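This briefing goes from the chain as a whole to selected parts of its fold. Please read it alongside the sequence and the structure shown below.

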Amino acid sequence: MMAGAAEDVRTLFGAAIRAALEAWPALQIAVENGFGGVHTQEKAEWLGGAVEDYFIANVDLALEEIEDFLGELMTTEFDTVVEDGSLPQVSQELQTMFQHFQKGDGAALQEMTSNINQKKCKVTATPLKTAKETGVDEEDVDSVEEMEVKEVPVTATNDGTTTDVVCPQPQPSDPDPQTIKEEDIVEDGWTIVRRKK
């Protein structure tokens with residue numbers, strides 16, 4: 001492989017890593033909520049380079065080693081313990097990218113990056129609202145209806161082009177099923193959960 005081609009594949013590898021990390025909901029939530037402190041955004045940008053360097057420095061990594069590395073970074077840099085089952089998935093995806101990089105398969109890296117960008121959804125944490133904040137009758141709060149799925153269009157950009165992608169988002173069939181009664185919030189911040197009658 002020529003030096004110019006190797007640099008191009010390395011650039012594609014770095015872009016693929018950054019796309020995978022930016023699409024990772026656990027990292028999105030940590031960044032959105034500032035779990036990394038005042039420099040959270042800078043840490044998120046640094047993370048892509050750190051992961052890329054980790055792979056380059058450690059040629060023959062087992063999946064568990066990648067999971068441990070990512071988990072440790074999330075804990076130390078973003079004060080976040082990833083328990084949603086996404087750590088093995090992201091680690092596997094990164095390992096596959098590295099295998100394509102080692103083979104010099106820039107086309108596969110571009111395809112993976114494109115697929116990630118097309119599937120990427122914006123994840124946001126929604127705070128709970130009390131009945132007083134929403135104006136909902138407190139008698140209506142006790143009955144929680146089934147959730148419907150509403151599709152929300154998401155725009156993903158890839159090399160200047162725009163693609164509309166639809167990501168399912170849960171939407172309540174009631175005005176706000178997350179509404180809780182004021183008297184259910186006790187002084188220390190805990191919420192009393194009552195059984196349905």
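Of the 197 residues of the chain, 33% count as buried, and since the model is a predicted one, this share, like every other value here, is computed from predicted coordinates. The chain contains eight helices and two strands, and the points below take up its overall make-up, the contact of helix 3 with helix 5, helix 2 and the surroundings of Leu 109.

**Overall make-up**

- Read along the sequence, the elements follow the pattern α-α-α-α-α-α-α-α-β-β, which places the eight helices ahead of the two strands.
- Among the contacts in the chain with a separation of 6 or more, 67% are accounted for by residues 24 or more positions apart.
- The chain exposes about 12700 Å², and carbon and sulfur atoms supply 50% of that area.

**Helix 3 against helix 5**

- Two packed helices are described by the angle between their axes and the distance between the axes.
- For helix 3 (residues 40-57) and helix 5 (residues 86-103), the axes come within 11 Å and cross at roughly 55°, and because this angle falls outside the ranges counted as roughly parallel, roughly antiparallel or roughly perpendicular, helix 3 is oblique to helix 5.
- The crossing in which helix 3 passes helix 5 is right-handed.
- On the side of helix 3, the residues that meet helix 5 are Val 51, Phe 55 and Ile 56, while helix 5 contributes Leu 94, Gln 95, Phe 98 and Phe 101 to the contact.
- By class, the residues of this contact between helix 3 and helix 5 divide into six nonpolar, one polar and no charged.

**Helix 2 and the residue that follows**

- In helix 2 (residues 25-32), the buried residues are Ala 26, Leu 27, Gln 28, Ala 30 and Val 31.
- Gly 34, which lies just after helix 2, takes a positive phi of about 65°.

**Leu 109 and its surroundings**

- Leu 109 has its place in helix 6 (residues 106-119), and because its relative accessibility is 0%, Leu 109 counts as buried, the cut-off being under 20%.
- Setting aside residues up to four places away in sequence, Leu 109 touches Val 9, Leu 12, Phe 13, Ala 16, Met 97, His 100 and Phe 101; of these, Phe 101 also belongs to the helix 5 side of the contact with helix 3.
- Leu 109 and Thr 96 are 13 residues apart in sequence, and their C-alpha atoms are 9.2 Å apart in space.

Terms used
Residues are numbered from 1 along each chain as its sequence is written. This is a predicted model: local features need pLDDT of at least 70, side-chain atom pairs count only at pLDDT 80 or more; totals for chains, interfaces and linings use all residues. Side-chain values use heavy atoms; hydrogens and water are left out. Axes are lines fitted to C-alpha atoms, for helices over the stretch in contact, and angles run from 0 to 180 degrees between N-to-C directions. Helices (H or I, at least four residues) and strands (E, at least two) are DSSP runs, numbered from the N terminus. Angles under 35 degrees count as roughly parallel, over 145 as roughly antiparallel, 65 to 115 as roughly perpendicular and the rest as oblique. A crossing is left-handed if the near helix is turned anticlockwise from the far one by less than a right angle, and right-handed if clockwise. Contact means heavy atoms within 4.5 Å. Ala, Val, Leu, Ile, Met, Phe, Trp, Tyr, Cys and Pro count as nonpolar, Asp, Glu, Lys and Arg as charged, and the others, Gly among them, as polar. Buried means under 20% relative accessible area, exposed over 50%, partly exposed in between (1.4 Å probe, protein chains only). Accessible areas come from the Shrake-Rupley method with a 1.4 Å probe; for residues, only the protein chains shown count as cover.
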